[in-house]
Amino acid sequence: MINWKQEVENRKEGFIEDLRSFLQIKSVLDPDTAKEGAPFGEGIRKGLDFLLETGEADGFRSKDLDGYAAHLEFGEGDELVGVLCHIDVVPEGDGWSSDPFAAELRDGKIYARGAIDDKGPTMAAYYAMKIINELGLKLTKRVRMIIGTDEESNWQCVKHYFKHEEMPTIGFAPDADFPIIYAEKGLFDCEWRQVKSSETNEGDVRLLSFQSGRRLNMVPDQAEAVLEGNVEIEEIAAEYKEYLNELQLIGKLSVENKRFIFHLEGQSVHGSAPEKGKNAGLFLLNFLSRYSFDQGGQNFIELANGYLTGDTEGNKLEIKDSDDITGPLTLNTGIMTYTTTDGGIFGLNLRYPVKHDFESTQRKLTSVGKQYGYELNEIEHLTPHHVPKDHPLIKTLLNVYEKQTGEEGYLISIGGGTYARSLEAGVAFGALFPGEEELAHQKDEYVDVENILKAAAIYAEAIYELAK
Ligand SMILES: [Zn+2]
């Protein structure tokens with residue numbers, strides 16, 4: 001019987017020192033210093049070197065794939081167990097209480113950009129491998145830490161890596177939450193784009209421009225519309241005020257050079273739960289639908305109102321669906337733009353359940369757009385990711401989690417997006433415990449030292465159980 005917690009405890013000082021040194025490297029994407037062997041810039045290259053040099057000194061076999069990704073490996077056998085981590089971090093942003101790259105240790109926490117996403121969990125998984133290796137435990141499989149360098153941007157790292165290297169038979173990514181994220185919805189980013197702008201000018205009012213939202217995966221919190229035409233300002237102002245009051249929204253209307261400029265403020269939330277936000281663009285388009293517009297403006301508004309407004313489940317599009325693995329389909333209208341020269345664009349972020357018939361949804365989106373003169377363009381499509389509940393990987397990880405924490409383990413499904421989906425049979429496994437504060441990508445990001453040591457013990461036992 002190995003006391004994994006004790007083995008981690010015995011290496012606590014080294015762990016903290018290594019983690020702090022790792023966090024002090026500013027491994028942020030920097031195209032200005034990119035070169036051969038360092039495609040994402042100097043900082044990320046340094047972070048990668050740190051981990052590779054540490055690993056080589058500890059006796060792991062290493063391989064660097066042109067600076068896109070790398071791995072550290074030990075053990076023997078045909079099969080491969082993968083541990084997928086990343087060393088790149090998002091920019092630090094403002095408002096920190098201490099230098100985001102000093103990795104200050106205060107009250108049992110280490111504060112740094114990347115502390116929980118993903119350098120802390122990466123170091124925990126690294127020490128897990130180190131412990132098994134130092135104890136000289138016999139393995140029947142190889143264990144490989146796959147180190148990504150571009151997780152926060154385009155995942156070019158793993159794409160490059162798996163073009164050249166073998167796919168592990170099983171694996172996990174310590175880059176999210178405990179207990180286990182075993183299923184992720186399919187993700188379809190697309191746009192409806194007006195094929196050609198229509199020059200007809202019937203209608204009382206002309207829509208000159210519309211702008212709302214910048215990112216597909218966020219609910220827009222601002223919208224602006226500019227229109228001109230046969231409108232009574234007092235009347236429209238009173239109607240707009242009433243509309244805003246009724247829906248408890250904030251907005252304003254101003255007139256400049258006989259043009260009416262509408263602003264509306266909604267509430268932004270992440271695109272995976274659009275029902276929790278207030279879509280500023282759709283609310284504004286809904287208000288404008290009371291007027292009769294020129295053909296281009298009219299189509300833009302009717303398409304929104306007929307199929308998107310007030311509906312984050314795909315009811316109006318008749319694509320609503322739900323399953324017992326990942327729950328309901330969600331639809332976020334993240335971007336809406338219109339100009340008289342380029343016409344209209346709707347940027348959509350669709351997340352669909354594992355068992356959903358995606359092809360029929362794609363056909364539906366295509367045909368609805370077509371009715372209004374819009375074509376459907378795919379921006380990104382990630383198919384659903386799912387490891388069956390009775391898979392040995394899940395059983396082993398749940399078992400280890402329960403044993404180490406004394407808590408009941410359970411499976412989580414999400415809207416999509418963990419690093420684990422790069423693996424064929426992979427789940428996200430920690431390192432944030434249930435109820436722990438989540439500060440990834442925010443100011444004062446930290447990792448709790450006791451918790452990350454606990455995670456290291458879980459990873460050590462898990463890797464050993466998977467590879468023994
Ligand atoms: Zn991450």
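User: Before anything else, why does aspartate 175 count as buried?

Analyst: This is a predicted model, and in it aspartate 175 has a relative accessibility of 15%. Buried means under 20%, so aspartate 175 gets that label.

User: And what makes aspartate 117 buried?

Analyst: Same reasoning, with another value. The relative accessible area of aspartate 117 is 11%, and the cut-off is under 20%, so aspartate 117 counts as buried.

User: Which protein atoms are the donors of the zinc ion?

Analyst: They are NE2 of His86, an OD atom of Asp117, and Asp175, which is listed twice with OD. They lie 1.9 to 2.6 Å from the zinc ion. A donor has to be an N, O or S atom within 2.8 Å of this metal, so these atoms qualify.

User: What makes the site of the zinc ion irregular?

Analyst: Look at the angles among its four donor atoms: they run from 53 to 146 degrees. To be tetrahedral, four donors need all angles between 85 and 135 degrees. Both 53 and 146 fall outside that, so tetrahedral is ruled out. Square planar needs opposite donors over 155 degrees apart, and the angles here stop at 146, so the site ends up as irregular.

User: How do you know that the pair of aspartates links distant parts of the chain?

Analyst: The donors follow the spacing H-x30-D-x57-D along the chain. Aspartate 117 sits in helix H4, while aspartate 175 is in the loop between strands S7 and S8, and the two are 58 residues apart.

User: On to pockets. How do you know that the largest pocket lies between domain 1 and domain 2?

Analyst: Its lining takes residues from both domain 1 (4–185 + 385–467) and domain 2 (187–382), so the pocket lies between them. The volume is about 1500 Å³, and 44 residues line the pocket, with Glu151, Trp155, Gly416, Gly417 and Thr418 nearest its centre. Among the elements giving two or more residues to this lining are helices H4 and H5 and strand S18.

User: What classes of residue line the largest pocket?

Analyst: There are 17 nonpolar, 14 polar and 13 charged residues in that lining.

User: What is known about the second largest pocket?

Analyst: Its volume is about 250 Å³. It is lined by 14 residues, and Ser212, Gly213, Arg214, Asp221 and Gln222 lie nearest its centre. Strands S11 and S12 each give two or more residues to the lining.

User: Which element gives the largest share of that lining?

Analyst: Strand S12 does, with three residues. By class, the lining of the second largest pocket has four nonpolar, six polar and four charged residues.

Notes
Residues numbered from 1 in each chain as written. Predicted model: local features only at pLDDT ≥ 70, side-chain atom pairs only at ≥ 80, totals over all residues. Heavy atoms only, no water. 1 Å grid on protein atoms, 1.4 Å probe; cavity = no way out; pocket = protein on both sides within 12 Å on 5 of 7 lines; lining within 4 Å. Points joined across faces, edges and corners; volume = space filled by probe spheres on them. Helix = DSSP H or I, 4+ residues; strand = E, 2+ residues; numbered from the N terminus. Nonpolar A, V, L, I, M, F, W, Y, C, P; charged D, E, K, R; others polar. Domains from an automatic or database assignment. Donors = N, O, S within 2.8 Å, 3.2 Å for Na, K, Ca; no water. Tetrahedral: all angles 85-135°; square planar, octahedral: opposite > 155°, others 65-115°. Buried < 20%, exposed > 50% of the residue type's maximum accessible area, 1.4 Å probe, protein only.
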